[in-house]
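The exercises below are to be worked with the sequence and the coordinates side by side. Each one sets a task, and a stepwise solution follows.

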Amino acid sequence: MSKYLLEYSADIVNSPILSKTIIDTGVLINVLRADIEYDTATIVVDIPTDEKKVIEKFKEFGVSVKKLDEIIMRDTESCIDCGACISICPSGAIYFKDDWGIEVRSEECIQCGACVLACPMKAMSIQEI
């Protein structure tokens, strides 16, 4: 599963592009975060299979597609490995390693932002869209 940033322009924001892409490709796409205005849309999605086919379809519709590699960033200088982010993470994307340091599995992150709010050291951040 990979996460992608989709950007729609004003001329296509009112089209059901996401629905059409799902129907045309047969791939179920999970929307993780969306910011939709009357003239623009920025959406973060999880594409579980057939990524290439789905991306090509989005591009056919005029959508800008960018792969997101690191969704959650942790400032290792500020982080004190307290685990506040672990206890609040609903997807289990953040965990303790064997040495009790914090590790983040970006592929499991659902971009809820709970870890960012829970971190007492402000060491966690979500990639901006």
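**Exercise 1. Find which residues of helix 2 (residues 51–60) are buried, and state what they pack against.**

Step 1. In helix 2, which like every helix here is a DSSP run (H or I, at least four residues; strands are E runs of at least two, and both are numbered from the N terminus), the buried residues are Val54, Ile55, Lys57 and Phe58. Buried means under 20% relative accessible area, exposed over 50%, and partly exposed in between, with a 1.4 Å probe and protein chains only.

Step 2. These residues lie on the same side of helix 2, because they cover an arc of only 160 degrees around the axis, the arc being that of the directions from the helix axis to the C-beta atoms. An α-helix has 3.6 residues a turn, so residues three or four places apart point the same way.

Step 3. The face turned away from the buried side of helix 2 carries the exposed residues Lys52 and Glu60.

Step 4. The buried residues of helix 2 pack against strand 1 (2–8), helix 1 (17–25), strand 3 (41–47) and strand 4 (64–68), where contact means heavy atoms within 4.5 Å. Just after helix 2, glycine 62 takes a positive phi of about 90 degrees.

A note on the basis of these values: this is a predicted model, in which local features need pLDDT of at least 70 and side-chain atom pairs count only at pLDDT 80 or more, while totals for chains, interfaces and linings use all residues. Residues are numbered from 1 along each chain as its sequence is written, and side-chain values use heavy atoms, with hydrogens and water left out.

**Exercise 2. Decide whether lysine 57 is buried or exposed, and list what this residue touches.**

Step 1. The residue is located in helix 2.

Step 2. Lysine 57 has a relative accessible area of 18%, and therefore counts as buried.

Step 3. Leaving out residues up to four places away in sequence, lysine 57 touches Thr21, Asp24 and Thr25.

**Exercise 3. Carry out the analysis of buried residues for helix 1, and then examine valine 27 in the loop between helix 1 and strand 2.**

Step 1. Ile17, Leu18, Thr21 and Thr25 are the buried residues of helix 1. They are on the same side of helix 1, because the arc they cover around the axis is only 100 degrees.

Step 2. Their cover includes strand 1, strand 2 (30–36) and helix 2. Glycine 26, just after helix 1, takes a positive phi of about 75 degrees.

Step 3. Valine 27 counts as buried, because its relative accessibility is 2%. Not counting residues up to four places away in sequence, valine 27 touches Ile22, Ile47, Pro48, Thr49, Asp50 and Val54. Valine 27 and valine 54, 27 residues apart in sequence, are 7.5 Å apart in space from C-alpha to C-alpha.

**Exercise 4. Describe the nonpolar cores and the surroundings of isoleucine 94.**

Step 1. A nonpolar core is a set of buried Ala, Val, Leu, Ile, Met, Phe, Trp, Tyr and Cys residues joined through side-chain atoms within 4.5 Å. The largest has 19 residues, and those with the most contacts inside it are Ile72, Ile94, Cys115 and Met124.

Step 2. Strand 7 (102–104) and strand 8 (124–126) each supply at least two residues of this core.

Step 3. Setting aside neighbours within four places in sequence, isoleucine 94 is in contact with Cys85, Ile86, Cys89, Ile102, Glu103, Val104, Cys115 and Met124.

Step 4. A second, separate core of 18 residues includes Leu6, Val13, Ile17 and Val65.

**Exercise 5. Place valine 116 and state how far it is exposed.**

Step 1. Valine 116 belongs to helix 4 (residues 114–118).

Step 2. Its relative accessibility is 25%, and so valine 116 counts as partly exposed.

Step 3. With residues up to four places away in sequence not counted, valine 116 touches Met124, Ser125 and Ile126. The C-alpha atoms of valine 116 and alanine 84, which are 32 residues apart along the chain, are separated by 9.8 Å.
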